[in-house]
Structures are given as structure tokens and as C-alpha cells.
Amino acid sequence: MHPNHNHQWPTARAVEVHQPTPLPPPAVHPAPVVPVQPNTVPAVASVVLPDGRVVTGYAIDAVRPEPATAKPAVSRAAVNVALGGVGFLAVCGGLLLLTSFIAALTAFIGQLIILAAVIFGGWIAIQVLSGSGHQGGTTVNIRRAVIKRNHFHS
């Protein structure tokens, strides 16, 4: 409980009531009805009901949809010929690519052989042409080395 016992209820306030403002209904403009004259005057049909009353009116033909055009049947032989032609073209194209690849590979290998021959021939030419004027290398007398190794002294 609150220690303050002098509790007062709030005073009543004036209540304002707001009334909604009605909106005017939207203006509806009906589409004009244009009478269409039929090409021919339909026949009047009369039907006698079981209780004896007669109903008279115009007979309306049901709207018939356009007949669907039938697709011509594709013969099985034509499909087989078409698939065979596609397969034949695929095989011919593959063989052409394979032949081109083999020719290119052969040319590449030939060029590698020529390149190796030129490099090796150049190295041999340098060795032959440099001859005895070669400096900085180690000359080994094989006969003396063998004799020294086997301890043959003369």
C-alpha cells in the first residue's frame, strides 16, 4: 500500500465525438449498349411444357470451336534418316578433327627434331672449332693416369 492515503481520482474530461465524413459514391458511367443486327432473322421456336404452358423464344446455336488442325504424322523412316544423317555428320566432323590433330602433332614433333639437331649441331661445331685453343679446362693424359693408378713405374 502507498503511504500516501490522500489519493484522488482524476476528474472527468469532456469527450469529443468525431463523426466520419461520408465519401460521395464514385461516378459510374455505364458503357453504351449498341444494338447489333443479326445477319439473318433467327427462327422462333415454341416449346410446350408438361403443364400446358407454351414458351416461345429464339433458338440459339451453340458456339462451336474451330476444329484443331491435325498435325501430320511423322514417319518413323524419316526420323531414322534424320538421326542417321546427324550421326554421320558428327562422325565425319570427329574424323576431320582427329586428322587435323594428327597432322599438327606430326609437324610439331618434326620441328622439335629439327630444333634438337640445330642445337646439338651447334654444340658440336663449337667443340670442333674451339680446338686446342681451349683454356681453363683440365687435360687428362689417360695413359699416365692408368699407369699411376696401377702403380706401374717405368
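**What do strand 1 and strand 2 form, and which residue in the turn has a positive phi?** They make a hairpin with 5 residues between them, and Gly 52 in the turn is the one with a positive phi, about 100 degrees. This is a predicted model, in which local features need pLDDT of at least 70 and side-chain atom pairs count only at pLDDT 80 or more, while totals for chains, interfaces and linings use all residues. Residues are numbered from 1 along each chain as its sequence is written, and side-chain values use heavy atoms, with hydrogens and water left out.

**View 1. The whole chain, end to end.** Starting at the N terminus, the elements go β-β-α-α, which gives 2 helices and 2 strands (DSSP runs numbered from the N terminus: H or I of at least four residues for helices, E of at least two for strands). Of the 154 residues, 0% are buried (buried means under 20% relative accessible area, exposed over 50%, partly exposed in between, with a 1.4 Å probe and protein chains only). Carbon and sulfur atoms hold 67% of the roughly 16,100 Å² accessible surface (Shrake-Rupley method, 1.4 Å probe; for residues, only the protein chains shown count as cover).

**View 2. Zooming in on the strand pair.** Strand 1 (residues 44-48) and strand 2 run antiparallel, joined by 5 bridges (strands pair if DSSP finds at least two bridges between them). One pairing to look for is Val 44 with its bridge partner Tyr 58 in strand 2. Strand 2 (residues 54-58) is hardly covered, with 0 buried residues among its 5.

**View 3. A salt bridge between Asp 51 and Arg 53.** The closest N and O atoms of this pair sit 2.8 Å apart (the cut-off: a side-chain nitrogen of Lys or Arg within 4 Å of a carboxyl oxygen of Asp or Glu). The structure holds just 1 salt bridge, and both Asp 51 and Arg 53 are exposed.

**View 4. A nonpolar patch on the surface.** Twelve side chains are not all listed here, but among the patch members are Val 91, Leu 95, Phe 101, Phe 108 and Ile 119, and the patch has about 1,200 Å² of accessible area together (patch residues have over 30% relative accessible area and no salt bridge; like charges are joined within 9 Å, nonpolar side chains, meaning Val, Leu, Ile, Met, Phe, Trp and Tyr, within 5 Å). Phe 101 is found in helix 1 and counts as exposed because its relative accessibility is 52%.

**View 5. Confidence along the model.** Mean pLDDT is 78, with 69% of residues reaching 70 or more (pLDDT is the predictor's confidence in each residue, from 0 to 100). Among the elements, helix 1 (residues 76-130) has the highest mean, 93, and helix 2 (residues 142-150) the lowest, 57.
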